[in-house]
Amino acid sequence: LDQSTPPVGMALVQRFAKHLDVFGSVGKSTEIEKKLVGYEAGEDENVHYHNLRKESLTSEFWYGKDGEGRVRWYAPLGAEVEREWKAQGRGPLLEIDDNERDETRQALAQMFGLPEDAWFACLHMREPGFHADWHKKHPGTRHVDISTYNEVIDFVTEAGGWVIRLGDHSMTPLAPRENVIDYAVSSHRNFELDVLLCGLCSYYIGTNSGLSILPPLFGKRCTLTNWSPIAIPNWYLDDLYIPKLVRNVAEDRYLTFSEMYGSKAGWTQWQRDYKPGVEELVDNSTDDLVDAVKDIHEEVFDARALTSEEQELVRRFNAIAVAGGSYVGSRISTRFIRKYAHLLDD
């Protein structure tokens, strides 16, 4: 990293330094990269890990070689790594120690009035403002209207929790309401606190955005709503998601899951791929949004397990995903798949 202009995510880089070697430079890091990539492994160095390090420094983020030397797309490879990680009984990659937790809770109490013993859910709804110029040229499918989440907020607060809305200053402000902190538009917002909030929440309610990758690093579970596209879920197996469905306009019906995986409708994040008057992407209903949060809430607070019927519905959904060229990552929400079980059939 360039120490003269540290990256915005420096707070996260520092936490990963317990697992990774972090090299600093002043100005461009070209010479350091050449040195790390170009030298040969010494006699006392594990050649396998030496080669993996060279590979990681020269590959794009979107793909890389797996342990068998195959070039793999990052998402299904990530799901495989996560599955093996859990099978070995490994815990979260990152943690917040007791002192840092206490200090952060005290700061949140002073800044926002959040009681130090209160539980809270993080809420992050993707809007186009963060990449405004890009989305003017390439309108996407991953954005949502924050106003459609009012009943989701009500569910959390009525269950005794608080809601802390994450994001950036371009986002639509929330109307003031009890037990809700609109941190996204607050003057106190900073990336280090973003990280801490994701690591301290009881669970995270989100959409398809980069921030949704952060809470699971600390072992926190997510329920990811209005997910688009359906065929590219996050790779964290303990997270839940509900996708945006697609309506066949002429026949006035939703596409089945097989139809979605078998067309652009299952794979694209661009509005241009939906032909007006032919296919229509449909945002989640209020009921579906609340149900997705109920699912994660019951699993986190009540340790609710899936029934045998629900397990079978999830199995059928996963089989369709794999047959359609996708992979098993985050789990489809149980209330959602019960409601839309008819879309499992062609």
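Visitor: What separates Glu312 and Arg315 in helix α11 (residues 308-323)?

Guide: Glu312 and Arg315 are three residues apart in helix α11, so about one helical turn lies between them; helices (H or I, at least four residues) and strands (E, at least two) are DSSP runs, numbered from the N terminus. This is a predicted model, in which local features need pLDDT of at least 70, side-chain atom pairs count only at pLDDT 80 or more, and totals for chains, interfaces and linings use all residues. Residues are numbered from 1 along each chain as its sequence is written, while side-chain values use heavy atoms and leave out hydrogens and water.

Visitor: How should I read the contact of Glu312 with Arg315, and how many salt bridges are there by this rule?

Guide: A salt bridge is a side-chain nitrogen of Lys or Arg within 4 Å of a carboxyl oxygen of Asp or Glu, and the count comes to 25. Glu312 and Arg315 form one, with their closest N and O atoms 2.8 Å apart. Relative accessible area tells us about cover (buried under 20%, exposed over 50%, partly exposed in between, with a 1.4 Å probe and protein chains only); Glu312, at 35%, is partly exposed, and Arg315, at 45%, is partly exposed as well.

Visitor: Which parts does the pair Asp295 and Arg335 tie together?

Guide: The side chains of Asp295 and Arg335 meet in a salt bridge at 2.6 Å, N to O. Asp295 belongs to helix α10 (residues 286-301) and Arg335 to helix α12 (residues 334-339), so the pair ties together parts that are 40 residues apart in sequence. Asp295 and Arg335 are both buried.

Visitor: Is Asp194 buried or exposed, and what about its partner Arg189?

Guide: Asp194, whose closest N and O atoms with Arg189 are 3.5 Å apart in a salt bridge, has 7% relative accessibility and counts as buried. Arg189, with a relative accessible area of 29%, is partly exposed.

Visitor: In what order do the strands of the open sheet lie?

Guide: Strands of a sheet pair through backbone hydrogen bonds, either parallel or antiparallel. Here three strands form an open sheet in the order β10-β9-β11, with antiparallel pairing, where two strands pair if DSSP finds at least two bridges between them. The edge strands, each pairing on one side only, are β10 (253-254) and β11 (279-282). Strand β9 (residues 245-248) is joined to β11 by four bridges, and Leu245 has Val282 in β11 as its bridge partner.
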